[in-house]
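Please open the structure in your viewer and keep the sequence panel visible. The tour below proceeds from the whole chain to single residues.

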Amino acid sequence: MRISVQKSRCPQNHRCPSIRVCPAGALEQNGFEAPIVNEEKCIKCNQCVKYCPMGAIQSNA
Ligand code: SF4
């Protein structure tokens, strides 16, 4: 499983709220760009997938 960010769904105009719910500190964001998943830190818990109101973070089997 891999977590991916669909940039086209992310408005990229605010601090990503899903960063706060990630228990592993695996979501990183430069400015207001779409967040990036740090694969080395990600524990595949899906919290960010559930939390993103735009559905921009998705879990791919
Ligand atoms: S799946 Fe969990 S650990 Fe991975 S980026 Fe999302 S919230 Fe963080």
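Begin with the whole protein chain, coloured by secondary structure: read along the sequence, its pattern is β-α-β-β-α-β, where helices (H or I, at least four residues) and strands (E, at least two) are DSSP runs numbered from the N terminus. The radius of gyration, taken over C-alpha atoms, is 10 Å, close to the 10 Å of the globule rule (2.2 Å times the number of residues to the power 0.38) for 61 residues, so the chain is as compact as a globular protein of that length.

The model is predicted: local features need pLDDT of at least 70, side-chain atom pairs count only at pLDDT 80 or more, and totals for chains, interfaces and linings use all residues. Residues are numbered from 1 along each chain as its sequence is written.

Next, select V5, C10, C16, C22, A26, L27, C48, C52, A56 and I57, which form the largest nonpolar core. Such a core is a set of buried Ala, Val, Leu, Ile, Met, Phe, Trp, Tyr and Cys residues joined through C-beta atoms within 7 Å. A residue is buried if 20 or more other C-beta atoms, placed from the backbone, lie within 10 Å of its own, exposed if 12 or fewer, and partly exposed in between.

Finally, select A61, in the segment after β4 (57-60). Is A61 buried or exposed? A61 counts as exposed because it has 4 C-beta neighbours inside 10 Å. Add M1 to the selection: A61 and M1 are 60 residues apart in sequence, yet 4.5 Å apart in space, C-alpha to C-alpha.
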